[in-house]
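Trainee: I should like to go through this structure with you and ask how its parts are held together. May we begin once it is displayed?

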Amino acid sequence: MENKRFRSESFASTGGEEEKPEYFHRQDTIAEVEDTILSTVESESWYQKSLLVVVVGASGDLAKKKTYPALYALWQANLLPPDTCIWGFARSPKANEDFRNHLKPYLASKNVQDDPLMDEFLSKCFYRQGASYGDWQGIQSILDETKCVNILIYLAIPPHVFGDSTGAVMKARTALTLETGGFFRVVLEKPFGNDTESCQELLQSLIDQKWPEEELYRIDHYLGKEMVQNILAMRQHNMWLEALWNKNVVQSVHLIWKEDIGTEGRGGYFDPYGIIRDILQNHLLQVLTLLAMDTPTNWTSDEIRNNKVNVLKNMPTIKLEDCLLGQYDGYKDDPTIENRDTVSPTYACIRTKVNTPRWEGVPFILEAGKALNERVCEVRLHFRSSPNSQPNALVIRLQPTPKVFFTANLKTPGFSSTPASTHLGVDYTSHLQDIPDAYTRLLLDVLRAQQENFVRDDELIEAWRLFTPVLHETEKNQVEPLPYGRGTSGPELRQDFLKNVGVTQAWLPPASAL
């Protein structure tokens, strides 16, 4: 099939004869790798057929900031079928042209002043006002008019209307006769409930509406991040690494998410959830399952997700004594927070374990907080150290700059034989520029029916099983989080807590690694 779209700048070769990094075993340029992906996608049957994308909640923040930019990136890279039609559906009244102007500022690239593909993409974007999120007739009218072979529904909506929307979509789907070989898939955004009971209610509503699990794609955008996906790639393609990936070598595992800003006017949204529901129970726990799962035999979607669930089933329910909770000074001054006596934590450090033969006895630490001393998200595998040596670690940094490095002890240059701590690693962005956004990558996975990066129903139940008791206890008993100052590393008891739960090694990475 001839490609009639230009290759976008973000997926293009930079040109010239720039020397390739020596650690590239294959002499592939980025453009050649992208050409391979493009040729693979073009050969797949779904790409040859018409595609309808319906974005429910199209006038909201998520749609304009994430969903439509991700679709546009796929269009720029020739990774959407030429016969693609995108309909927005929401309650706000908008004409098609008004809606396109609404999207434009969020599609424009900072590096490209005049993007010739934007008008082409926007010409495929339409809008229809619905009476409500449960307006099945409005959704059905879109399906009837377009008559596309493949249909993708993206629910960019508040969680409290999930049931109404999925019910409306199923009713419209039931009235539709799918063409032979066509697919119908639905993307659901988190949060998937706020405890075990609410999660089970959501899942039961989908069962009652007769949704097949294989048609549902529950998205957690962290699973689309470059370095999160690199965890499995590293483990699959480096056999020597698996020899280190166990309790005999690893002393502790520390997953950290830190922001250097507070809620900044979004406290009204954040306060009912708190940092545990917002970050630990989903994003960090998903990363933990990829780190701790046993190595799959065949690396299929089902096997990967089965192994992730097995990790969760072998983790104990979290207790209050496993937690250090904090709240930064001034949090309650956020004008959007109604409850001035709120005890919602903005910081949490939680110790847990994975009781499998591979990890028995190794503490896993989940730590997240707002208004801390830096913005960073990373995984640290602390290795058992030898006497009189600096501790070693493998660090996988997700943000702000993706990189992976080992800390290692080498001889000091010169006559001295004293060991010095240094690092060996790769700054990912210095070699692989223009990494696709997580939403872009995950939407392509949905189209290609690759489900390993999406959360299955049994995985949700197990994840909530771990956290629901401690969440209910802290809320029922109004457990007061410890105060901490803005720009600090958290509550004063943080270091003592980490030492008590098994993280005994000091974290002293070389300055050059930071």
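**Salt bridges, sheet and cavities**

Trainee: How many salt bridges does a search of the whole structure find?

Mentor: A salt bridge here is a side-chain nitrogen of Lys or Arg within 4 Å of a carboxyl oxygen of Asp or Glu. The model is predicted, so local features need pLDDT of at least 70 and side-chain atom pairs count only at pLDDT 80 or more, whereas totals for chains, interfaces and linings use all residues. Residues are numbered from 1 along each chain as its sequence is written, and side-chain values use heavy atoms, with hydrogens and water left out. Searching the whole structure gives a total of 23.

Trainee: Is R218, which forms a salt bridge with E213, buried or exposed?

Mentor: The closest N and O atoms of R218 and E213 are 2.7 Å apart. Buried means under 20% relative accessible area, exposed over 50%, and partly exposed in between (1.4 Å probe, protein chains only). E213, at 22%, is partly exposed. R218 has a relative accessible area of 2% and is therefore buried.

Trainee: How far apart in sequence are the parts tied together by E459 and K308?

Mentor: The salt bridge between E459 and K308 has its closest N and O atoms 3.1 Å apart. E459 lies in helix α14 (residues 457-476) and K308 in helix α12 (residues 301-313); helices (H or I, at least four residues) and strands (E, at least two) are DSSP runs, numbered from the N terminus. E459 is buried at 1% relative accessible area, and K308 is buried at 0%. The pair therefore ties together parts separated by 151 residues.

Trainee: Which residues does E459 touch, not counting those up to four places away in sequence?

Mentor: Contact means heavy atoms within 4.5 Å. With residues up to four places away in sequence left out, E459 touches Q286, K308, V309, L312 and F454.

Trainee: What is the order of the strands in the open sheet of six?

Mentor: Two strands pair if DSSP finds at least two bridges between them, and the pairing in this sheet is parallel. β3 (125-129) and β6 (216-219) each have a single partner strand, so they stand at the edges with one side lacking a neighbour in the sheet. The twist averages 20 degrees from one strand to the next. The order is β3-β2-β1-β4-β5-β6.

Trainee: At about what angle does helix α13 (residues 438-447) run to β4?

Mentor: Axes are lines fitted to C-alpha atoms, for helices over the stretch in contact, and angles run from 0 to 180 degrees between N-to-C directions. Five bridges join β4 (residues 150-155) to the parallel strand β5 (residues 184-189). Helix α13 packs on the sheet and touches β1, β4, β5 and β6; its direction makes an angle with that of β4 of about 140 degrees.

Trainee: About how much space lies in the largest cavity?

Mentor: On a 1 Å grid over the protein atoms alone, a cavity is a set of points where a 1.4 Å probe fits but cannot get out, and lining residues have an atom within 4 Å of a point. Grid points are joined across faces, edges and corners, and a volume is the space filled by probe spheres set on the points. The largest cavity is lined by 14 residues, with K190, F192, Q281, N282 and L460 nearest its centre. Its space is about 130 Å³.

Notes. 1 Å grid on protein atoms, 1.4 Å probe; cavity = no way out; pocket = protein on both sides within 12 Å on 5 of 7 lines; lining within 4 Å.
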